[in-house]
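Biologist: Hello! Could you walk me through this model, one question at a time?

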Amino acid sequence: MIGLTLGGYFFRRYASIAAWNFFGIGLLIFIVTFAEVSSRSAGLPGYTAQWAFSLAALQTPIILLQAIPFIGLIAAMATLISLNRKYELVVARAAGVSAWQFLTPIAFGSFLFGVLAVAALNPLAANGFAQAQSVEAEVRGAKSSTNSEAEQWIKQRSGDEETIIGSSAVLNGGQVLVRPTFFRIDAEGRIFERLDAERAFLRDGYWDLQAVARRRGTAAAEKIESIQIETNLQPEFVGEQLARPEATSIYALPGKIEIARSFGLKANAFATHFHSLVVLPLLLVAMTLIAATVSMRFTRMGQSATVILGGILAGFLLYVVSVLVKAFGSAGVVPPVVAAWTPVVVAMFYGVTFLLYKEDG
């Protein structure tokens, strides 16, 4: 078995490389996000450099969380390549250390990296994403890149009247709508009133709209300080229909899913997101096995660009398949557990099979 000294050395090498990649890619994401926000928002009335800086800082964690699988893949490949170039893997294998033994501390490091990303980075990313929706909606109005270019809509019925509700952002788990639009429809199916508000707060049995512009027929808009609209909706329903799962941390997701299902909602998007976070540490282990298939072999002149590119493409393919299957799970085509776990299990079987073939014949 690999000793604690050698195993600890491999683990520290991986941890160091992963940390540098994490902070380097995070800084790059922040710079690109700041430049992108500045370029598309510089002409808006409420734009300031401080606003763009704060918005980029709020958006960076959610983008960085999505890049975690690639950071793990690059860190594992860089670790193995550097160990090969310094002949350390050659010496370890000559001393009787198998590939499974020196990959164990690296795989453990990737698993721990995933656990830290889920436990620490995810709550920060969810909170930042939710705040970014509000901050950007304040300046950009209905067009907000943090949620979508188009508003999302739900419908409620109160007696003979129906109301179609759209919002550019949803805060506090469905209790606050940013710049909402309410279309009120009578019993004959005709729109008799449109309400555009700065904020809508979901109270006990009614919507509390603030800073409202009311339009009826062809008359000019009427400014109203506040107005109340009767409703039987619950925050869990509104959040499940309008809010994005990324705005909820992994600690709040189980309770939100359970409450949504108690109202008869499937909550597939939130369940799929929850399982994709749970499986993230194992996804990084699968990325490590993929990196080992292309980075473990020793060559005198170093790993060729073709081999390295092959590993990156394999990891990218795994990520694309994971995102695609996750979309199927969010849409309810496949169960959320299957959508989140299947790509990771398949990738791990592929990596283990390849290493068994190469290492044990």
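Modeller: Gladly; what follows is a set of questions and answers about this predicted model.

Biologist: Let's begin with the aromatic rings. How are the planes of Phe30 and Phe53 arranged in their aromatic pair: stacked or edge-to-face?

Modeller: The structure holds 12 aromatic pairs, and Phe30 with Phe53 is one of them. Their ring centres are 5.1 Å apart and the planes meet at 80°. Planes over 60 degrees apart count as edge-to-face, so this pair is edge-to-face.

Biologist: Which helices does that pair tie together?

Modeller: The two residues are 23 residues apart in sequence. Phe30 sits in residues 4–41 and Phe53 in residues 49–66, so the pair ties together helix 1 and helix 2.

Biologist: Is Phe53 buried or partly exposed?

Modeller: Its partner Phe30 has a relative accessibility of 18% and counts as buried. For Phe53 the relative accessible area is 48%. Buried means under 20% and exposed means over 50%, so Phe53 is partly exposed.

Biologist: On to the nonpolar interior. Which residues touch the most other members of the largest nonpolar core?

Modeller: That core has 55 residues. One aromatic member, Phe102, also forms an aromatic cluster with Tyr9 and Phe10. The residues that touch the most other core members are Leu65, Ile68 and Phe102.

Biologist: What does Ile68 touch, not counting residues up to four places away in sequence?

Modeller: Leaving out those sequence neighbours, Ile68 touches residues from several parts of the numbering. They are Phe22, Phe113, Ala117, Leu121, Leu280 and Leu284.

Biologist: How many residues does the other core have?

Modeller: This core lies apart from the one that Ile68 belongs to. Its members include Ile154, Ala197, Ala200 and Val212. The number of residues in it is 19.

Biologist: Now the surface. What is the area of the nonpolar surface patch that includes Leu116?

Modeller: Leu116 lies in helix 5, which spans residues 99–140. Phe108, Phe111, Leu112 and Val115 make the patch together with Leu116. Its area is about 430 Å².

Biologist: Is His273 buried or exposed?

Modeller: His273 is found in helix 8, residues 268–278. Beyond its neighbours within four places in sequence, His273 is in contact with Asn122, Pro245, Glu246, Thr248, Leu253 and Lys326. The relative accessible area of His273 is 6%, and the limit for buried is under 20%, so His273 is buried.

Biologist: How far apart are the C-alpha atoms of Thr293 and Trp20?

Modeller: Thr293 lies in helix 9, residues 280–295, and is buried at 15% relative accessible area. Along the chain, Thr293 and Trp20 are 273 residues apart. Their C-alpha atoms are separated by 23 Å.

Biologist: Let's finish with charges. What is the N to O distance in the salt bridge of Glu162 and Arg157?

Modeller: A search of the whole structure finds 14 salt bridges, and this is one of them. Glu162 counts as buried at 19% relative accessibility, while Arg157 is partly exposed at 45%. The N to O distance is 2.3 Å.

Biologist: Which residues are linked with Arg184 in a network of salt bridges?

Modeller: Arg184 and Glu193 form a salt bridge, with the closest N and O atoms 2.7 Å apart. Arg184 is buried at 16% relative accessible area, and Glu193 counts as buried at 1%. The residues linked with Arg184 in the network are Glu161, Glu193, Arg214, Arg216 and Glu222.

Technical notes:
Residues are numbered from 1 along each chain as its sequence is written. This is a predicted model: local features need pLDDT of at least 70, side-chain atom pairs count only at pLDDT 80 or more; totals for chains, interfaces and linings use all residues. Side-chain values use heavy atoms; hydrogens and water are left out. Rings of Phe, Tyr and Trp (its six-membered ring) pair if their centres lie within 6.5 Å; planes under 30 degrees apart count as stacked, over 60 as edge-to-face and the rest as tilted. Helices (H or I, at least four residues) and strands (E, at least two) are DSSP runs, numbered from the N terminus. Buried means under 20% relative accessible area, exposed over 50%, partly exposed in between (1.4 Å probe, protein chains only). A nonpolar core is a set of buried Ala, Val, Leu, Ile, Met, Phe, Trp, Tyr and Cys residues joined through side-chain atoms within 4.5 Å. Contact means heavy atoms within 4.5 Å. Patches are made of residues with over 30% relative accessible area and no salt bridge: like charges are joined within 9 Å, nonpolar side chains (Val, Leu, Ile, Met, Phe, Trp, Tyr) within 5 Å. Accessible areas come from the Shrake-Rupley method with a 1.4 Å probe; for residues, only the protein chains shown count as cover. A salt bridge is a side-chain nitrogen of Lys or Arg within 4 Å of a carboxyl oxygen of Asp or Glu.
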